[in-house]
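Reader: I should like to examine this structure step by step, beginning with individual positions and ending with the overall fold. Please reason from the coordinates in each reply.

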Amino acid sequence: MTQHLILLGAGFSRNFGGWLASEVFEYLLGSRSLRADPALVSLLWRHKANGFEGALSELQNEHSRSVSKESAARLDAFQNAVRDMFEDMNRAFLFPKFMISSDVRDFLARFDAVFSLNQDLLLEKHYINRSHGCPDFN
């Protein structure tokens, strides 16, 4: 039996107000916790081309090599900024008038599995609906 799979990227949630990597970068640069530490701002700039995940990975590795109050504080500050960013973006998807059209839902329901590279919760908040016959999510 042939399975029909779909792989979604940032462009999918962008259609509904999700942020692209450049907008995530700008949000994090404006974050109070990052602005308070010039080293974190510099780190984010160094990883601009690869995204905030590279900066986060560098901080995690640094902290695992040198467990100190300073490395813990820097990691916490960065993680807090990332968490705040996702909370703000996902909050927009919860707006009462926000809705994914039935055409989009019907299209996605044709697939046996939907794989998303997105880190937002758009699909989880608006598409998962067992009565709609949605596919498995990974």
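**Positions, packing and core**

Author: Glu 53 lies in helix 5. The model in which this position is described is a predicted one.

Reader: Does Glu 53 count as buried, partly exposed or exposed?

Author: Residues under 20% relative accessible area are buried and those over 50% are exposed, with partly exposed in between. The relative accessibility of Glu 53 is 34%, and the residue therefore counts as partly exposed.

Reader: What separates the C-alpha atoms of Glu 53 and Val 82 in space?

Author: Along the chain, Glu 53 and Val 82 are 29 residues apart. In space, their C-alpha atoms are separated by 9.5 Å.

Reader: Where does Ser 31 lie, and does it count as buried or exposed?

Author: Ser 31 lies in the loop between helix 2 and helix 3, the latter spanning 32-35. The cut-off for burial is under 20% relative accessible area. Ser 31 has 10% relative accessibility, so this loop residue counts as buried.

Reader: How many residues apart in sequence are Ser 31 and Ala 77?

Author: The C-alpha to C-alpha distance between Ser 31 and Ala 77 is 9.6 Å. In sequence, the separation of Ser 31 and Ala 77 is 46 residues.

Reader: Why are helix 2 and helix 4 described as roughly antiparallel or roughly parallel, and which term applies?

Author: Helix 2 covers residues 21-30 and helix 4 covers residues 38-46; their axes lie 10 Å apart and form an angle of about 170°. Angles over 145 degrees count as roughly antiparallel. The relation of helix 2 to helix 4 is therefore roughly antiparallel.

Reader: Which residues of helix 4 meet helix 2, and how many residues of this contact are nonpolar?

Author: From helix 2, Phe 25, Leu 28 and Leu 29 take part, and they meet Val 41, Leu 44 and Trp 45 of helix 4. No polar and no charged residues belong to this contact, and the number of nonpolar residues is six.

Reader: Which residues form the covered face of strand 1?

Author: In a regular strand, side chains alternate between the two faces of the sheet. Strand 1, residues 5-8, has an uncovered face made of Leu 5 and Leu 7. Its covered face consists of Ile 6 and Leu 8.

Reader: In which sense do strand 1 and strand 2 pair, and which residue stands opposite Leu 7?

Author: Strand 2 comprises residues 113-116, and it pairs with strand 1 over four bridges in the parallel sense. Within strand 2, the residue opposite Leu 7 is Phe 115.

Reader: Which element gives the largest share of the largest nonpolar core?

Author: That core holds 28 residues, of which Leu 28, Phe 52, Phe 78 and Met 85 touch the most other members. Elements that give two or more residues to the core include strand 1, helix 2, helix 4 and helix 8. The largest share is nine residues, and the element that supplies it is helix 6.

Reader: How many helices and strands does the chain have, and what percentage of its residues count as buried?

Author: The elements run β-α-α-α-α-α-α-α-β-α-β from the N terminus on, which corresponds to eight helices and three strands. Among contacts with a separation of 6 or more, 60% come from residues 24 or more positions apart. Of the 138 residues in the chain, the buried portion is 34%.

Terms used: Residues are numbered from 1 along each chain as its sequence is written. This is a predicted model: local features need pLDDT of at least 70, side-chain atom pairs count only at pLDDT 80 or more; totals for chains, interfaces and linings use all residues. Side-chain values use heavy atoms; hydrogens and water are left out. Axes are lines fitted to C-alpha atoms, for helices over the stretch in contact, and angles run from 0 to 180 degrees between N-to-C directions. Angles under 35 degrees count as roughly parallel, over 145 as roughly antiparallel, 65 to 115 as roughly perpendicular and the rest as oblique. Contact means heavy atoms within 4.5 Å. Ala, Val, Leu, Ile, Met, Phe, Trp, Tyr, Cys and Pro count as nonpolar, Asp, Glu, Lys and Arg as charged, and the others, Gly among them, as polar. Buried means under 20% relative accessible area, exposed over 50%, partly exposed in between (1.4 Å probe, protein chains only). Two strands pair if DSSP finds at least two bridges between them. A nonpolar core is a set of buried Ala, Val, Leu, Ile, Met, Phe, Trp, Tyr and Cys residues joined through side-chain atoms within 4.5 Å.
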